[in-house]
Every structure is written in structure tokens, then in C-alpha cells.
Amino acid sequence: MKKIAVLPGDGIGPEVMKAALKVLGAVEKKFGLELVYEEADVGGCAIDRHGSALPAATLALCEAADAVLFGSVGGPKWETLPPERQPERAALLPLRKHFNLFCNLRPARVFPSLASGSPLRPDIVGKGFDIMCVRELTSGIYFGTPRGREGKGPDERAYDTKSYTRREIERIARKAFEIARVRKRKVTSVDKANVLESMVFWREVVTDVAREYPDVALNHIYIDNAAMQLIRDPHQFDVLLCGNMFGDIISDECAMLTGSMGLLASASLNESRFGLYEPAGGSAPDIAGRGVANPVAQILSTAMMLKYSLGEETAAAAVEKAVADTLDAGIRTRDIAGEQTTAVGTDAFGDAVIERL
Ligand code: NAD
Ligand code: IPM
Ligand code: MN
């Protein structure tokens, strides 16, 4: 019996979570799994109900669980709070840090039936692409100190610190090389070593780690070029190894290259089997509450949970295939429907996945 902490959060979070849990329920039946779910508030809704974005009870629930399914947090309602009390900084980042979830995997591949939904030209997207973004998630400029504000008037200033230790770079680089070994054996490390001291060090340490993996090819690329190359020819990449902020930016770009922000799943892992699974996108306030959000990222995040935390690879593959079959059948939510197709809602898409499981 495995215990799953369910944190739907804000905006479209609860809508896509509902669809994903229904799919997971069907998976349980089909594969004879026994999962127990316990739900808790996180983010803006937790501020509203309990006065804190990450209530102690929510954290305790996660601590007692084998894995966390997370929706998304944040939205306009909480953007006027002091920055350190807002859902993103008061719930999501502390959760990542608390559980030492340093390794964030964001797999972006183009579904053949969605190729026309990519903003790329057909001759570029026609070659296909399958990229694994490996993003460092608990250090870098998101967590570096000192950070703060000081002074007054025109000299008032605000600052953050981008810092990485050798250990932090080594452990995320090793993850990237291990993953590349079971893929196309190619790691592209994204940095800004032509300007930033921390990135000179990043490149040096990644190069050192590469010696442990002579069977994997390593190349280095500057972030600005990487952003451009992803549009010019995404097919050239296999594993993209990034620090925290570059990985944040580049993964949104990867999501859109596949057709929509609502397609990109993610797993945030530590060295144990525990993980937090969430869509790479956010609470989508512009479409929240209307039942039109794309649940694919949340559904595929549960597939990642089945694979990485529960060791249920066959069930994970079945979910991935059911999603691909649903898209192949021309079933689309609004974000990927284009002009030709009639769109279905979040729940109907989830049900269509269940039919194909
Ligand atoms: P966003 O990802 O929420 O939305 C960007 C665009 O993508 C919007 O047009 C949205 O409609 C679309 N989109 C995203 N997910 C979609 C889905 N499943 N189906 C269809 N369309 C989808 O980014 P944003 O607008 O910059 O952020 C909104 C809020 O979410 C902010 O408060 C932000 O901090 C927060 N956020 C939270 C997380 C998280 O909890 N993991 C991640 C990113 C952003
Ligand atoms: C993501 C999000 C988060 C990040 C925010 C909401 C803190 O954009 O998971 O990509 O920047 O890591
Ligand atoms: Mn992001």
C-alpha cells in the first residue's frame, strides 16, 4: 500500500488534478495497485483557509507519503502579498528544499499527431524531437545568499546571488549522464560561462563528471544560443542539463515547442524514491475555473510518479500510450485544438484517456 499526498493548489490545479486522479484510479484497477490518497491545501487556497501557503499539516502529510502529486500554486489574488508570503516562495520552493528535490526532470517530445500544433515550421518539427530537460532545482539564483533590498532613493538596490557548490553541480550532472545512458547518450550542458563566474565553475565541474561517463557525449552551449537552437533545430538535443533558472526558462520553451504549456510533465526527485510530481506550467489564471485546461501534463506527471516513486514502469507506459492514443484519435483540449477541430473539456479528455487505457 503506497500513500500519495495530493496537493491540487490554485487556479487550474484542482481541475487537472481531478482528471489525473480519475485516470490513476483506472490504472489502479487495471494493474491491481493499491494506492491511498490524502488531500491537503497548498498555495493561495491554503493562505485563504489557514493563513499560510504551506500549513504544518500539509508538510506532515507529504512527509508521511511515498510521493506527492502537486497541481500548481499562485495567481493574481495573492500577488499583492509581501513577496516572501506568496504561494510560489512560501510553499513550492520550501517544499523542494525541504525534501532536497534537487533533480527536476521535464521530458519534452513532440507527439506525431500534434506536429501541426507546434509553432515550428513543418520541415523543422517533422524531424521530431525528444528532449529531457534535467534542471537543478534546489540551488542557484533561486536560493543563493545574500539576497535582499537596501538603501533609499536612486541608490536603493535589490540583489540575488547565483551560487553553486561542486557537490551540487556534480550530483545533478551525474543524474543527467545516467539518464543519457538509457537514451541517445548525449548531454548538452547549458551555461553562461562567457560571463558568469558560477557558470565557468559549472562548465568545469560538468566536464570533470563527464570523465566518469566516457560512453556519453558532452557538449556545452551558452543559454542564449540554446534558446535559439531549440527553435532552429530541436532534433539535435537529447539531454539538456541546466541550472535552476535557465532550466525554468528553457523548459517553458520546450513545452511550447511540443504544442502547449499544458503538455509538459515534471518530476522533482531526491536521492531516495520519494518525489514531487507536477505540471511544468502554472495555475493559468486566464483559463482557470472554466473546465478547459489541458490535463495532459498532470496525467503524464502521475505516469512519472508511477515510474520513479512506485516502480510501476508498465503502468506508467500504459498511461503514456493512452495519452498518445487519445491525441492520435484527434481528441483535443482548446489549447491544442487549432481551428479545424472541436475542443473537449478537461474532464472529457481525461475520460477519453481512461477509455484507451
Ligand atoms: P502559466 O503556466 O500558468 O500560464 C502561461 C500560459 O500557458 C497561459 O496562457 C495558460 O493559459 C497556458 N497554460 C498553462 N497550463 C495550461 C494547461 N494545462 N492547459 C492549457 N493552457 C495552459 O504561467 P503564468 O501565467 O506565468 O503563471 C500563472 C501563475 O502560476 C503565477 O502565479 C505563477 O507564479 C504560477 N506558477 C506556478 C507553477 C507551479 O505551481 N508549479 C508553475 C509556473 C507558474
Ligand atoms: C516552475 C515554476 C516555478 C519555478 C515557480 C512557480 C516558483 O515556474 O516550476 O517552473 O520557477 O521553478
Ligand atoms: Mn517555470
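I looked up ligand 2 in this predicted model first, and found Gly 74, Glu 88, Leu 92, Leu 93, Asp 248, Ala 280 and Gly 282 around the ligand, where a residue counts as near a molecule if its C-beta atom, placed from the backbone, lies within 6 Å of it. Helix α4 (residues 87-98) gives the largest share of this shell, three residues; helices (H or I, at least four residues) and strands (E, at least two) are DSSP runs, numbered from the N terminus. I sorted the shell of ligand 2 into three nonpolar, two polar and two charged residues, with Ala, Val, Leu, Ile, Met, Phe, Trp, Tyr, Cys and Pro taken as nonpolar, Asp, Glu, Lys and Arg as charged, and the others, Gly among them, as polar.

For ligand 1 I found 23 residues around the molecule, of which Gly 74, Gly 262, Gly 281, Gly 282 and Asn 294 come nearest. The shell of ligand 1 divides into 10 nonpolar, nine polar and four charged residues.

A note on conventions: residues are numbered from 1 along each chain as its sequence is written, while chains are lettered from A and ligands numbered from 1 in the order in which they are written. Because the model is predicted, local features need pLDDT of at least 70 and side-chain atom pairs count only at pLDDT 80 or more, whereas totals for chains, interfaces and linings use all residues.

I then turned to the whole protein chain, which holds 13 helices and 12 strands. Its C-alpha atoms fill a box of roughly 55 × 50 × 40 Å along the principal axes. Of the 357 residues, 48% are buried, meaning that 20 or more other C-beta atoms lie within 10 Å of a residue's own (exposed is 12 or fewer, partly exposed in between, with C-beta atoms placed from the backbone).

Last, I examined helix α11 (residues 313-328), whose 16 residues should span 22 Å at 1.5 Å a residue, and whose end C-alpha atoms are 22 Å apart, which agrees; the expected span is 1.5 Å times one less than the number of residues. The buried residues of α11 are Ala 315, Ala 316, Val 319, Ala 322, Val 323, Thr 326 and Leu 327. Seen down the axis, they fall within an arc of 135 degrees, so they line one face of the helix, the arc being that of the directions from the helix axis to the C-beta atoms. On the face turned away from that buried side I noted the exposed residues Glu 313 and Thr 314. Just after α11, Gly 330 takes a positive phi of about 85 degrees.
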